[in-house]
Amino acid sequence: MKYGRVRNFYGGQFVDSQASEWLDVTSPIDGAVLSQVPMSGAGDLDAAVDAAKKAFGSWSKTTIKERSQIFFRYRSLLEEYSDELTALTTEENGKTADEARAEVDKSIELCEFACSMPQLVAGEVLEVSKGVECRVEHFPLGVVASIVPFNFPLMVPNWTVPNALVLGNTMIMKPSELVPLSCQRMAEILKEAGLPDGVFNIVNGGREIVESICDHQGIAAVSFVGSTKVAKIVYQRSTQALKRCVSLGGAKNHLFVLPDANPSMTATNVAASMTGCAGQRCMAASAMLAVGDVDPIIEQICDEARKIVPGKNLGAVISKAAKERIENYITEAERDGAKVLVDGRGATVEGKENGTYVGPTVIDYVTPDMSVAREEIFGPVISIIRTSTLDDAIKIENENPYGNAAAVFTQSGGLARYVMEHASAGMIGVNIGVPVPREPFPFGGWNESRFGANDITGKSSIEFWTKLKKTTTKWNPESRTNWMS
Ligand code: NAD
């Protein structure tokens with residue numbers, strides 16, 4: 001085991017979990033066991049919440065300018081440790097080094113947004129009648145929780161940590177049990193940046209700890225990122241316990257390819273979107289709506305896909321079970337009459353035979369009723385559904401229960417606008433395959449890709465992580481103004 005056993009972190013210290021069950025943490029690259037992670041229980045959570053509660057008193061009383069200073073230092077440390085974090089993320093998640101570095105860079109950008117918080121949360125004040133002033137200020141919620149998935153071990157935690165903490169909350173983080181090592185390192189870096197003990201805490205585990213977080217009376221708000229099945233459970237359970245919750249779920253992102261699209265630009269975008277992070281992105285292209293005759297573009301997409309090689313510029317998928325699931329989807333589509341143009345099944349990488357790789361896969365003549373058209377595959381696979389009109393394509397996209405992202409490839413501004421208006425997704429791309437809104441714009445989908453009122457990042461997160469205090473002041477008691485008093 002390259003790393004020691006994963007420990008929980010609270011009160012500024014790494015602490016052994018009381019768990020009786022431990023799972024292996026395995027590198028998808030070669031199957032090596034890296035560490036073991038505890039399936040912590042309610043007792044571990046209680047201790048972490050106590051530490052976070054204790055820290056909240058003093059942390060929430062520091063000024064936001066002081067709090068943001070710590071995150072300026074954290075940002076510099078992320079930069080300083082970029083190589084190390086890139087290597088660790090690659091090792092535990094299986095993505096390529098370039099993708100892992102992009103994850104570090106994005107974490108830095110997220111942190112920069114949090115550092116600008118003092119400029120964004122200055123309250124509002126207005127003299128509403130003579131001598132009477134109304135004032136609105138943001139206050140932190142208390143102890144909050146963040147539950148994260150496996151596909152971005154460093155970036156997704158940084159969607160929530162810098163914003164929630166700069167805004168004065170203290171936090172319990174629940175990493176994915178598949179990739180707990182980057183979060184552990186994050187705790188050390190935050191401590192080195194000067195974050196006071198108890199402000200950031202980690203409890204490792206799985207279902208049991210997530211349920212305990214939803215139920216815990218000491219936790220005021222829960223943010224969740226993961227599959228739709230679990231997002232629903234977390235949203236229902238934590239709101240049932242009267243908590244604030246934003247819960248991001250899975251995705252089935254549709255790309256509309258119109259006959260006037262630029263072929264080479266479209267092909268490189270589609271291939272990159274479907275294969276980036278081995279297709280394990282909630283923004284990945286998963287279904288392509290081929291409107292009219294786009295055969296030459298499909299040919300180029302296949303050419304581009306063939307240039308993407310497992311172990312070189314394509315990472316591994318997270319586990320043997322994921323590889324099996326993805327390959328089964330392809331086999332089922334083929335059995336149901338679809339045509340596999342580029343086949344990634346059975347991919348292996350020399351010297352890494354225990355790695356879990358799936359090659360790029362392009363499936364044509366998929367019909368909307370097939371499982372590859374309806375369900376999230378979460379692998380480097382694109383399903384091409386052919387339609388004769390744009391409205392037919394829009395209908396297929398609209399009928400899918402998810403709604404994270406959609407993108408259109410065309411040279412026509414009018415048609416692009418039409419798709420922007422009619423696609424049922426929270427994030428839209430025009431001639432861009434992965435339309436992630438960058439700070440200060442918020443990230444979040446529609447429909448079954450997100451439950452709760454807020455997006456998770458950007459300005460929308462300020463509303464989620466704070467409550468407003470409205471103060472009305474009357475400074476001239478002698479005035480004759482008798483406004484509702
Ligand atoms: P997952 O839902 O299996 O796990 C997410 C978290 O929930 C983990 O911390 C896990 O320990 C916990 N969990 C798992 N099963 C649980 C259960 N039954 N009860 C309570 N908690 C449980 O998701 P994953 O496989 O880690 O991540 C992939 C999924 O996340 C994909 O569906 C992907 O689309 C989605 N995702 C969405 C976004 C977004 O912004 N919408 C971003 C990243 C990932």
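**Notebook: sheets, ligand shell and backbone oddities**

I began with the small sheet: 3 strands form an open sheet in the order 5-6-20, and the pairing is antiparallel. Strand 5 and strand 20 are the edge strands with a single partner strand each, so one side of each has no neighbour in the sheet. Averaged over neighbouring strands and ignoring direction, the turn of one strand against the next is 25°. I note here that this is a predicted model.

**Entry: pairs within the small sheet**

I looked up the bridges next. Strand 5 (residues 124-129) pairs with strand 6 (residues 132-140) in the antiparallel sense over 5 bridges. For the register, I found L126 opposite C134 in strand 6, and E127 has E133 of strand 6 as its bridge partner. The hairpin of strand 5 and strand 6 has 2 residues between the strands, and G131 takes a positive phi near 80° there.

On the other side of the pairing list, strand 6 joins strand 20 (residues 466-474) over 9 bridges, again in the antiparallel sense. I noted V132 with K474 of strand 20 as its bridge partner.

I then checked what covers this sheet. Helix 16 (residues 458-465) packs on the sheet and touches strand 6 and strand 20. The direction of helix 16 makes about 70° with that of strand 20.

**Entry: the 7-stranded sheet**

What is the strand order in the open sheet of 7 strands? I read the order as 14-15-16-13-12-17-18, with mixed pairing. Strand 14 (339-342) and strand 18 (427-430) stand at the edges; each has a single partner strand, so one side of each is left without a neighbour in the sheet. Neighbouring strands of this sheet are turned by 20° against each other on average, direction ignored.

I picked one pair from the sheet to follow in detail. Strand 12 (residues 253-257) and strand 13 (residues 285-291) run parallel and are joined by 5 bridges. In this pair N253 stands opposite A285 of strand 13.

Two helices on this sheet went into the notes. Helix 10 (residues 263-275) packs on the sheet and touches strand 12, strand 13, strand 15 (361-364), strand 16 (381-387) and strand 17 (405-409). The direction of helix 10 makes about 160° with that of strand 17. Helix 12 (residues 320-335) lies across strand 14, strand 15 and strand 16, and runs at about 25° to strand 15.

**Entry: the ligand**

Which residues come nearest to the ligand? I listed K174, E177, S227, G249 and E376 out of the 27 residues around the ligand. By class, the residues of this shell divide into 15 nonpolar, 8 polar and 4 charged.

I took down three distances. An N or O atom in the side chain of K174 is 2.7 Å from an oxygen atom of the ligand. An N or O atom in the side chain of S227 is 2.6 Å from an oxygen atom of the ligand. At G249 the protein atom is a backbone N or O, 2.8 Å from a nitrogen atom of the ligand.

For burial, the ligand taken alone exposes 840 Å², and the protein buries 89% of that. The elements giving two or more residues to the shell around the ligand are helix 8 (207-215) and strand 10 (221-225).

**Entry: a helix pair**

I looked at helix 2 (residues 64-80) against helix 6 (residues 155-166). The two pack at an angle of about 150°, with their axes 8 Å apart. Helix 2 makes the contact with I64, R67, S68, F71 and Y74, and helix 6 makes it with N158, V161, P162, L165 and V166. I sorted the contact of helix 2 with helix 6 by class and have 7 nonpolar, 2 polar and 1 charged residues.

**Entry: backbone oddities**

Most residues other than glycine have a negative phi, and most peptide bonds are trans. I logged two exceptions. Y365 is not a glycine but has a positive phi of about 55°. Y365 lies in the loop between strand 15 and helix 13 (371-374). The peptide bond from E439 to P440 is cis, with omega near 10°. P440 lies in the loop between strand 18 and strand 19 (450-451).

Definitions and conventions:
Residues numbered from 1 in each chain as written. Heavy atoms only, no water. Near = heavy atom within 4 Å. Polar contact = N/O pair within 3.5 Å; in protein donor to acceptor, adjacent residues only side chain to side chain. Areas by Shrake-Rupley, 256 points an atom, 1.4 Å probe, with all protein chains shown as cover. Helix = DSSP H or I, 4+ residues; strand = E, 2+ residues; numbered from the N terminus. Nonpolar A, V, L, I, M, F, W, Y, C, P; charged D, E, K, R; others polar. Pairing = 2+ DSSP bridges. Axes fitted to C-alpha atoms, helices over the stretch in contact; angles between N-to-C directions. Contact = heavy atoms within 4.5 Å.
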